[in-house]
Amino acid sequence: MKLATWNVNSILARLPHVQQWLQANQPDILCMQETKCLDEKFPYDVFTELGYCSTVLGQRTYNGVAVLTREECATVQKGYQDDEEGAQARLLSVNVKGMQVVNVYIPNGQAVGSDKYQFKLKWMERLRSFLAATCDPATPVVLCGDFNVAPEDRDVHDPRLWQDRIMCSAQERDTLNRIKEWGFTDAFRLHNQQGGLYSWWDYRAGAFRRGMGLRIDHVWISRPLVPLSRAARIDSETRTWEKPSDHAPVIAEFE
């Protein structure tokens, strides 16, 4: 089984890229973030023609998550159970052939200490509570998506430059680690220990060309999936395409 996560930075703007990538890579599951469109505007028919079922939670202009699956899936949860009407579209949890897949787009936080930063930390704390209430670490669970946090210094092109900045601050990393302690293993780090491997590069200052990236897109797996994990990689080639997303897909393969 092949599962991938990709912040596409607008599904409508990046649709040709996603089509090309699906045809070339043939994943069984693709979790997308920042789809930036309402549910009724989502290109269901395009993905149906490619052999995928689409489960979506959209929002106009901002946010949005979607899961494409080869198999029919049962929607477990769209957003948090206690979300108010109009809440940001950032979480989609589905069940595929007995495996729980939780697709998240964790808030960016804007700047350390800001109101948006506090919202990010609270949202992450809610994710930990959501997992405790709806998932079982003794069963197959995947938590994936754009976490907007680089967990370690080896996930950052210049740790000194990014020290105490958004996506790398100690409080963000500590909060993310508490989520991991629920019972997850980083599938990417099972197969890649070296630094210098990134999934996001700023559009500005030639960041991709200069290797100035962060690894903030992740696939985490529960204990039963660890022995089945066969490979994990970042497909950075997509970042070389014309008008790309600023994120690259992360792919995990299982027995």
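Visitor: Which backbone nitrogen does the side chain of Gln-33 reach?
Guide: This is a predicted model. Gln-33 lies in strand E2, which covers residues 29-33. At 3.2 Å, its side chain reaches the backbone nitrogen of Asn-7.

Visitor: Is Gln-33 buried or exposed?
Guide: Buried means under 20% relative accessible area. Gln-33 has 0% relative accessibility, so it counts as buried.

Visitor: In what order do the 6 strands of the open sheet run?
Guide: The pairing in this sheet is mixed. Strands of a sheet pair through backbone hydrogen bonds, either parallel or antiparallel. The 6 strands form the order E5-E6-E7-E8-E12-E9.

Visitor: Which are the edge strands?
Guide: An edge strand here pairs on one side only. That holds for E5 and E9.

Visitor: By how many degrees are neighbouring strands of this sheet turned against each other on average?
Guide: Direction is ignored for this angle. The average turn is 20°.

Visitor: What is the bridge partner of Thr-185 in E12?
Guide: E9 pairs with strand E12, residues 217-222. The pairing is antiparallel and runs over 3 bridges. Within E12, Thr-185 has as its bridge partner Ile-221.

Visitor: What angle does the direction of H3 make with that of E7?
Guide: H3 packs on the sheet. It touches E5, E6, E7, E8 and E9. Its direction and that of E7 make an angle of about 170°.

Visitor: How far does helix H3 reach from its first C-alpha to its last?
Guide: H3 spans residues 115-134 and has 20 residues. At 1.5 Å a residue, 28 Å is expected. The helix comes close to that, reaching 28 Å.

Visitor: Which helix is among what covers the buried residues of H3?
Guide: The buried residues of H3 include Tyr-117, Trp-123, Met-124 and Phe-130. Lys-120 is also one of them. Their cover includes strands, among them E5 (74-78) and E8 (141-146). It also includes a helix, residues 170-180: H5.

Visitor: Where is Pro-244 found?
Guide: Two strands flank the place: E13 (229-234) and E14 (250-254). Pro-244 is found between them, in the loop.

Visitor: Is Pro-244 buried or exposed?
Guide: Its relative accessible area is 12%. The cut-off for buried is under 20%. Pro-244 is therefore buried.

Visitor: What separates the C-alpha atoms of Pro-244 and Arg-14?
Guide: The two residues are 230 residues apart along the chain. Yet Pro-244 is in contact with Arg-14, and also with His-17, Tyr-203, Thr-238 and Arg-239, leaving aside neighbours within four places in sequence. The C-alpha atoms of Pro-244 and Arg-14 are separated by 7.2 Å.

Definitions and conventions: Residues are numbered from 1 along each chain as its sequence is written. This is a predicted model: local features need pLDDT of at least 70, side-chain atom pairs count only at pLDDT 80 or more; totals for chains, interfaces and linings use all residues. Side-chain values use heavy atoms; hydrogens and water are left out. Helices (H or I, at least four residues) and strands (E, at least two) are DSSP runs, numbered from the N terminus. Buried means under 20% relative accessible area, exposed over 50%, partly exposed in between (1.4 Å probe, protein chains only). A polar contact is a pair of N or O atoms within 3.5 Å; within protein, one must be able to donate a hydrogen and the other to accept it, and residues adjacent in sequence count only if both atoms are side-chain atoms. The expected span of a helix is 1.5 Å times one less than its number of residues. Contact means heavy atoms within 4.5 Å. Two strands pair if DSSP finds at least two bridges between them. Axes are lines fitted to C-alpha atoms, for helices over the stretch in contact, and angles run from 0 to 180 degrees between N-to-C directions.
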